[in-house]
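Here is a friendly briefing to read with the structure open beside you. It goes topic by topic, so feel free to jump around.

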Amino acid sequence: MRNYVFILLLIITIQSCGSSIKTKNNVLSKEFVTDNKSLTTNDLHENKAMKKANLKATLSPLEYFVTQENGTERPYTGQFDDFYEKGKYHCVCCDAELFQSDKKFNADCGWPSFSDLNNEENITIKKDNSHGMARSEVRCSNCDAHLGHIFDDGPTPTGLRYCINSASLNFKSTITKNE
Ligand SMILES: [Zn+2]
């Protein structure tokens with residue numbers, strides 16, 4: 001009888017050991033998942049750093065300065081300042097469609113000016129208090145590139161002037177061969 005009790009106790013002990021190992025494994029796997037999460041965050045930072053490095057390699061120094069360092073090109077120097085061909089203007093970094101030539105007007109401010117957006121979803125407006133001025137900054141919603149600023153002295157019907165750096169834009173002509 002004592003032997004039976006001993007064997008029974010032995011079985012119970014082995015079983016409880018097994019379940020404690022299981023619990024430990026669960027805890028371990030949870031820690032592993034947590035580690036994976038932090039790795040994912042690091043990966044995102046690395047991706048961002050890689051994207052920046054890629055942009056530095058593919059953009060011109062001026063394009064990089066304007067779009068990634070919130071720079072401004074010198075007035076009356078940009079390739080699209082005095083340029084009125086029919087077409088669409090895309091983000092120089094990610095190619096998102098931003099503006100259209102039929103909304104471009106001559107504000108004589110030294111930078112390409114648009115009275116309206118082509119696609120509202122592709123533009124983000126942010127408050128910008130840099131250089132001691134309260135301005136509204138225009139950024140690409142898709143890749144967060146700095147594009148320029150928006151002012152309320154534009155023509156009707158919007159009354160807006162999107163003052164955009166040529167260096168942040170790529171132009172794609174919509175003129176067909178028959179036109
Ligand atoms: Zn973009």
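L62 lies in helix α2, and this model is a predicted one. L62 counts as partly exposed because its relative accessibility is 40%, a value that is neither under 20% nor over 50%. From L62 to S168 the C-alpha distance is 9.0 Å, although 106 residues separate the two in sequence.

**Zinc site**
- Four cysteine SG atoms, those of C91, C94, C140 and C143, are the protein donors of the zinc ion and lie 2.3 Å from it.
- The site of the zinc ion is tetrahedral, with angles among the four donor atoms running from 103 to 116 degrees.
- As a yardstick, the ideal angle for four tetrahedral donors is 109.5 degrees.
- Along the sequence, the donor residues follow the spacing C-x2-C-x45-C-x2-C.
- C140 counts as buried because its relative accessible area is 1%, while C143 is partly exposed at 30%.

**Largest pocket**
- If you want to place a probe or a grid box, the largest pocket has a volume of about 300 Å³.
- Its lining consists of K48, K51, K52, L55, T67, Q68, C93, C94, R139, C143 and D144.
- Two elements, α1 (2–58) and α2 (61–68), each give two or more residues to this lining.
- Helix α1 makes the biggest contribution to the lining, with four residues.
- By residue class, the lining of the largest pocket has five charged, four nonpolar and two polar members.
- Domain 1 (1–58) and domain 2 (73–173) each supply at least three residues to the lining.
- The zinc donors C94 and C143 also appear among the lining residues of the largest pocket.

**Backbone details worth a look**
- Most residues other than glycine have a negative phi, and most peptide bonds are trans.
- D108 has a positive phi, near 50 degrees, and sits in the loop between β3 (104–105) and β4 (113–114).
- D108 is exposed because its relative accessible area is 56%.
- D144, one of the residues lining the largest pocket, also has a positive phi, near 70 degrees.
- The loop between β6 (135–140) and β7 holds D144, which is partly exposed with a relative accessible area of 39%.
- T156 and P157 are joined by a cis peptide bond with omega of about 5 degrees.
- P157 belongs to the loop between β7 (146–151) and β8 (161–164).

Definitions and conventions: Residues are numbered from 1 along each chain as its sequence is written. This is a predicted model: local features need pLDDT of at least 70, side-chain atom pairs count only at pLDDT 80 or more; totals for chains, interfaces and linings use all residues. Side-chain values use heavy atoms; hydrogens and water are left out. On a 1 Å grid over the protein atoms alone, a cavity is a set of points where a 1.4 Å probe fits but cannot get out, and a pocket is an open set with protein on both sides within 12 Å along at least five of seven lines; lining residues have an atom within 4 Å of a point. Grid points are joined across faces, edges and corners, and a volume is the space filled by probe spheres set on the points. Ala, Val, Leu, Ile, Met, Phe, Trp, Tyr, Cys and Pro count as nonpolar, Asp, Glu, Lys and Arg as charged, and the others, Gly among them, as polar. Domain bounds come from an automatic or database domain assignment. Donors are N, O and S atoms within 2.8 Å of the metal (3.2 Å for Na, K and Ca); water is not among the atoms, so sites may look incomplete. Four donors count as tetrahedral if all angles lie between 85 and 135 degrees; four count as square planar and six as octahedral if opposite donors are over 155 degrees apart and all others between 65 and 115; anything else is irregular. Buried means under 20% relative accessible area, exposed over 50%, partly exposed in between (1.4 Å probe, protein chains only).
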